[in-house]
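Reader: Hi! I'm in my first year and still learning to read structures. Could you take me through one part of this one slowly, and then show me where that part sits in the whole chain?

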Amino acid sequence: EAGKDFNLKLCGMHMMDSLRIEKGFRHFGHDITCEDHVLEAGLGFAVKTNKPNFIGRDAVLRKKENGLDRRLLQFVLTDSEPLLYHNEPILRDGKLIGHLTSGNYGHTIGAAIGLGYVPCKNETVADILASNYEIDVAGSKIKANVSINSIYDPKSIALELGSRNIRSNVIAPGFIETEMTDKLPEDVVAQWRAGIPLKRGG
């Protein structure tokens, strides 16, 4: 009854895990450990190398200079039926290159989502994203779209709008459906939709 006035409901750990993986939040122990590099995990924004000396500063600077050996990516299955847990094999252009570090179903997105490291030595982000990816789910190869940013609301626009009591439906990085977008020309909306990781609206 304590949260009744705020429409709060009981939830469990799987609900929180589903939300965090949609947002691309790393799970310590699965997606990141003390053996993973902060830059390869996509957490460089949390490290300020212009501060006075701190443990790990030299390692971060070396990695920046030498480049990343791998990068943590977010995968979304194009088929909404299969589920992901973790350790599913990742195939890039038909070749096995790694495995998912974590997985769950994204109820907001409407598909299973996984995180996993992809080798990327001497590659640009464009090179990585240009490849075709599949996830091996119990022996079946399922096509997956990939992103280096959060699939759900990467700039936290929905959170900002919500704090102002504005309801929004975030369907892709940088694309929010509102009454304003309904008035845009169809060709403009079609172009935006073409860039959506799931290749569909929501």
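Author: Happy to! Let's go to the barrel: 6 strands form a closed barrel, in the order S1-S4-S3-S2-S5-S6, and their pairing is antiparallel. Neighbouring strands of this sheet are turned against each other by 40° on average, if you ignore direction. Please keep in mind that this is a predicted model.

Now pick out one pair of strands. Strand S2 covers residues 89-92, and strand S3 covers residues 95-106. These two strands pair in the antiparallel sense over 4 bridges. For a concrete example, find Leu 91 and look across to S3, where its bridge partner is Leu 96.

Next, look at what lies against the sheet. Helix H1, made of residues 13-23, packs on it and touches three strands: S1 (70-77), S3 and S4 (111-119). If you compare directions, that of H1 makes about 125° with that of S3.

Now let's step back to the whole chain. It holds 6 helices and 8 strands. Following the sequence, you meet them in the pattern α-α-β-β-β-β-α-β-β-α-β-β-α-α. Contacts tell you something about the fold as well: among those between residues at least 6 apart in sequence, 61% join residues at least 24 apart.

Finally, what about the inside and the outside? The chain has 202 residues, and 36% of them count as buried. On the outside, the chain exposes about 12900 Å², with carbon and sulfur atoms supplying 54% of that area.

Technical notes. Residues are numbered from 1 along each chain as its sequence is written. This is a predicted model: local features need pLDDT of at least 70, side-chain atom pairs count only at pLDDT 80 or more; totals for chains, interfaces and linings use all residues. Side-chain values use heavy atoms; hydrogens and water are left out. Two strands pair if DSSP finds at least two bridges between them. Axes are lines fitted to C-alpha atoms, for helices over the stretch in contact, and angles run from 0 to 180 degrees between N-to-C directions. Contact means heavy atoms within 4.5 Å. Buried means under 20% relative accessible area, exposed over 50%, partly exposed in between (1.4 Å probe, protein chains only). Accessible areas come from the Shrake-Rupley method with a 1.4 Å probe; for residues, only the protein chains shown count as cover.
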